[in-house]
Amino acid sequence: MTRIVTELVLTPFDEAALYRAFVAAVPATSGAVVSFTGRMRGADAEGAALERLVLEHHPERTAESLRELAERTAAHCPVDLLQVIHRAGAVAPGEAIVWVAAAAAHRRAAFDAVDQLMDRLKTEAVLWKREEGPRGRRWIEPCAGDHSDRARWED
């Protein structure tokens, strides 16, 4: 049975500390650990500078969606431990937005779990994203490539 840990946070997190804690919790049956950190870029898709990314959320529903997406991923990938930490609120360029890690008996399952969960988070998490910069504010949605990536993991 997969142990799933999800957390929605409003302040910056230390991904090195998360990694150390994750590895310390990995069961002896796991021979592979894979992690991914998504960071806020300092420029938008057209290359214009950004000052912040604001992730609007509904505290209960957003947290529930993180858990549901992790559970759906674990149902498809034989992992022992799966974790997602996701920011909400204002995020500055260079700060981590999301951290996902998986531990499994073998590398392919761990890689697939992290990849699949990121694709699900990008397209299905209950979050509303707004970029802010000198050109103003702009709501952003998942692009066609995000949906194409997600389609690889159809239920």
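**Exercise 1. Is Glu-64 buried, partly exposed or exposed, and what is its relative accessible area?**

Work this out on the predicted model above, then look at the salt bridge that Glu-64 makes.

*Solution.*
- Start with the area: Glu-64 has a relative accessible area of 41%. Buried would need under 20% and exposed over 50%, so Glu-64 is partly exposed.
- Next, find the partner. The side chain of Glu-64 meets that of Arg-61 in a salt bridge, at 3.4 Å from N to O. The cut-off for such a pair is 4 Å, so this one qualifies.
- Check the partner too: Arg-61 comes out partly exposed, with a relative accessible area of 32%.
- Finally, the spacing. Both residues sit in helix H2 (residues 59-76), 3 residues apart, which means about one helical turn separates them.

**Exercise 2. Find the salt bridge that Arg-67 forms, and explain how the two residues are placed along the helix.**

*Solution.*
- The partner is Glu-71, and the closest N and O atoms are 3.0 Å apart.
- Arg-67 and Glu-71 are 4 residues apart in helix H2, so again about one helical turn lies between them.
- For exposure, Arg-67 is partly exposed at a relative accessible area of 33%, and Glu-71 is partly exposed at 39%.

**Exercise 3. Which parts of the chain does the salt bridge between Arg-72 and Glu-124 tie together?**

*Solution.*
- First the contact itself: the side chains of Arg-72 and Glu-124 meet at 3.0 Å, N to O.
- Then place the ends. Arg-72 belongs to helix H2 and Glu-124 to helix H3 (residues 107-124), so the pair links parts that are 52 residues apart in sequence.
- Both ends are partly exposed: Arg-72 has a relative accessible area of 29%, and Glu-124 has 26% relative accessibility.
- Now zoom out. Salt bridges with shared partners also join Glu-51, Arg-52, Glu-56, Arg-130, Glu-132 and Arg-137 into one network. Over the whole structure, the count of salt bridges is 18.

**Exercise 4. Work out the strand order of the open 4-stranded sheet, and say why S5 and S8 each have one side without a neighbour.**

*Solution.*
- The order is S5-S3-S7-S8, and the pairing is antiparallel.
- Read off the ends: strand S5 (89-91) and strand S8 (136-140) are the edge strands. Each has a single partner strand, so one side of each has no neighbour in the sheet.
- From one strand to the next, the twist averages 25°.
- Take one pair in detail. Strand S3 (residues 52-57) and S5 run antiparallel and are joined by 3 bridges. Within this pairing, Leu-53 has Val-91 in S5 as its bridge partner.

**Exercise 5. Which residues of helix H1 are buried, and which are exposed on its other side?**

*Solution.*
- Helix H1 covers residues 15-25, and its buried residues are Glu-15, Leu-18 and Phe-22.
- Look down the axis of H1: these buried residues fall within an arc of 50°, so they line one face of the helix.
- Turn to the other side, where Arg-20 and Ala-24 are exposed.
- What covers the buried residues? Strand S2 (32-39), strand S4 (79-87) and strand S6 (96-104) are among the elements that do so.
- Last, check the start of H1. There, a side-chain oxygen of Asp-14 reaches to within 3.0 Å of the backbone nitrogen of Ala-16.

Key:
Residues numbered from 1 in each chain as written. Predicted model: local features only at pLDDT ≥ 70, side-chain atom pairs only at ≥ 80, totals over all residues. Heavy atoms only, no water. Pairing = 2+ DSSP bridges. Axes fitted to C-alpha atoms, helices over the stretch in contact; angles between N-to-C directions. Buried < 20%, exposed > 50% of the residue type's maximum accessible area, 1.4 Å probe, protein only. Arc of directions from axis to C-beta. Contact = heavy atoms within 4.5 Å. Polar contact = N/O pair within 3.5 Å; in protein donor to acceptor, adjacent residues only side chain to side chain.
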